[in-house]
Number of protein chains: 2
Amino acid sequence: MADTVWARFVGGEHGIWQTRSIRAVCGEPLTHVARVAHEETAGRPTTAAAGAWSLAGCRSHGRYATRDEKAALVRVEAGLGRSEATRAALIPITKSEAWWSLAQDERRAVFEERSRHGAIGLAFLPAIARRLYHGRDHGEVFDFLTWFEYAPEHESAFDDLVAALRETEEWRYVVREVDIRLERAPA
Amino acid sequence: MADTVWARFVGGEHGIWQTRSIRAVCGEPLTHVARVAHEETAGRPTTAAAGAWSLAGCRSHGRYATRDEKAALVRVEAGLGRSEATRAALIPITKSEAWWSLAQDERRAVFEERSRHGAIGLAFLPAIARRLYHGRDHGEVFDFLTWFEYAPEHESAFDDLVAALRETEEWRYVVREVDIRLERAPA
């Protein structure tokens, strides 16, 4: 099989992303760092990371989106690395054991039918490009690493997006969340 | 977070499970070995395995069962390690990229509404105890390692079970499957 695509975010002195703020939304915070490096690799990173912290996760298939929802996302989503997307956010999230012990239909009902997670996200595309990495089954500290890139004029829209999600029933299952805002360092 | 539970199956000269047969159902076969060792560990195994082959995967939450289906399974399922369950089967399986590119509702529809995977399995409980390990997102050779334990008198029922599953629409997405039958070595 093809290697799984992994991402590692290393918080320290290196990387193109300068830290604007790091805030613990709930649970343990992460140490403040000057910069965050974001690298994708084929397979899990095996080298040691030089930084105050290092978070990793892998890309995978979607767990909740239906065919129509997935098609709608694909139709309008933007890719990472757009030149105008000089702002970014890294939001690592861990959910409770109560979440993970729910059955698939219960998780789907909370995620979409009652929290409208996908629908909320869709409303902010293509301004906000996003990528999800999975850590839970790999013994990583966070269940998910969520990554967003957008232009400075969409920062307030991004604030609205995360505020809307944090009001949902789904978010009652979030036990740790750190909100890290970044901007691309001048070349 | 708690360590993920991993299993490793090592095919070679060691372990309590003696090989009765190893048969490639589709795709590449596995080398014939005299014995298979099954060990569960907290976290991914890091030591080298001494054997002709070594397959690993981790336990995780269910991906398709609804609350009612999960409750029905939990109500009747048997645990591993029953003294009367002297036969076992290890069936590693990999599905195609076409499967993994389906959306959640499409996979669920194939898995249960059209292939009745859970319902077929349920009919054979508690005679056949089973456990599923996930390998795909970990870059393992097989997407799944499926493990079954049963008494000798249920071997033909087990044959019926796997035959029924191999007739399903879901199985059209299976690109590699090896059927390894084992029996517990005399103490």
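**Entry 1: criterion and model**

I take a salt bridge to be a side-chain nitrogen of Lys or Arg within 4 Å of a carboxyl oxygen of Asp or Glu. I note at the outset that the model is predicted. With that criterion I looked up B:R108 and found that it forms a salt bridge with B:E113, with 3.1 Å between the closest N and O atoms. B:R108 has a relative accessible area of 15% and is therefore buried. Over all chains, I record a count of 40 salt bridges by this rule.

**Entry 2: the interface of chain B and chain A**

I next examined how the chains meet. I find 28 residues of chain B in contact with 28 residues of chain A. The size of an interface is often given as the accessible area lost when the parts come together. Here the area buried between chain B and chain A is about 2300 Å², and carbon and sulfur atoms give 45% of it.

I then asked how many salt bridges the rule finds across the interface of chain B and chain A, and the count is four. For one pair I noted the distance: A:R63 forms a salt bridge with B:D137, and the closest N and O atoms are 3.4 Å apart. I also record 15 residue pairs in polar contact across the interface, both residues being at pLDDT 80 or more. On the side of chain B that touches chain A, the elements giving two or more residues are α1 (67–76) and α3 (104–114) of chain B. The largest share, four residues, comes from α3(B). Sorted by class, that side of chain B has eight nonpolar, nine polar and 11 charged residues.

**Entry 3: relation of the copies**

I checked the superposition of chain B on chain A: a rotation of 180° with 0.0 Å of shift along its axis achieves it, at an RMSD of 0.0 Å. The two copies are thus related as by a two-fold rotation axis. I also note that 100% of the interface residues of chain B are interface residues in chain A, so the copies meet through the same surface.

**Entry 4: helix α3 of chain A and A:S115**

I asked whether α3(A) is mostly covered or mostly open, and found it mostly covered, with eight of its 11 residues buried. Among the buried residues I list A:R107, A:V110 and A:F111. The buried residues pack against α1 (67–76), α2 (97–100) and α4 of chain A, together with α1 and α3 of chain B. After α3(A) comes A:R116, for which I read a positive phi near 55°.

I then turned to A:S115, found in the loop between α3 (104–114) and α4 (117–122) of chain A. Its relative accessible area is 3%, so A:S115 is buried. The side chain of A:S115 reaches the backbone nitrogen of A:E170 at 2.9 Å. Leaving aside neighbours within four places in sequence, the contacts of A:S115 include A:A109, A:I120 and A:T168. I also noted 8.6 Å between the C-alpha atoms of A:S115 and A:E167, which are 52 residues apart along the chain.

**Entry 5: salt bridges between distant parts of chain A**

I selected two pairs. A:E169 forms a salt bridge with A:R114, with the closest N and O atoms 2.8 Å apart. This pair links distant parts of the chain, 55 residues apart: A:E169 is in the loop between α5 (155–166) and β8, and A:R114 is in helix α3 of chain A. A:E169 is buried at 18%, whereas A:R114 counts as exposed at 51%.

In the second pair, the side chains of A:E140 and A:R44 meet in a salt bridge at 2.7 Å, N to O. A:E140 lies in the loop between β6 (129–134) and β7 (144–150), and A:R44 in the loop between β3 (35–42) and β4 (53–58), 96 residues apart. A:E140 counts as buried at 15% relative accessibility, and A:R44 as partly exposed at 31%.

**Entry 6: two strand residues**

I located A:E177 in strand β8 (residues 174–184) of chain A. At 2% relative accessibility, A:E177 counts as buried. Its side chain makes a polar contact with the side chain of A:W171 at 2.9 Å.

In chain B I looked up B:L145, which lies in strand β7 (residues 144–150). B:L145 is buried, with a relative accessible area of 1%. Not counting neighbours within four places in sequence, B:L145 is in contact with residues including B:F9, B:L55, B:I91 and B:Y133. The C-alpha atoms of B:L145 and B:D179 are separated by 11 Å.

Key
Residues are numbered from 1 along each chain as its sequence is written. Chains are lettered from A and ligands numbered from 1 in the order in which they are written. This is a predicted model: local features need pLDDT of at least 70, side-chain atom pairs count only at pLDDT 80 or more; totals for chains, interfaces and linings use all residues. Side-chain values use heavy atoms; hydrogens and water are left out. Contact means heavy atoms within 4.5 Å. Buried area is the accessible area (1.4 Å probe) that two parts lose on being put together, summed over both. A polar contact is a pair of N or O atoms within 3.5 Å; within protein, one must be able to donate a hydrogen and the other to accept it, and residues adjacent in sequence count only if both atoms are side-chain atoms. Ala, Val, Leu, Ile, Met, Phe, Trp, Tyr, Cys and Pro count as nonpolar, Asp, Glu, Lys and Arg as charged, and the others, Gly among them, as polar. Copies are superposed by least squares on the C-alpha atoms of residues with pLDDT of at least 70 in both. Buried means under 20% relative accessible area, exposed over 50%, partly exposed in between (1.4 Å probe, protein chains only).
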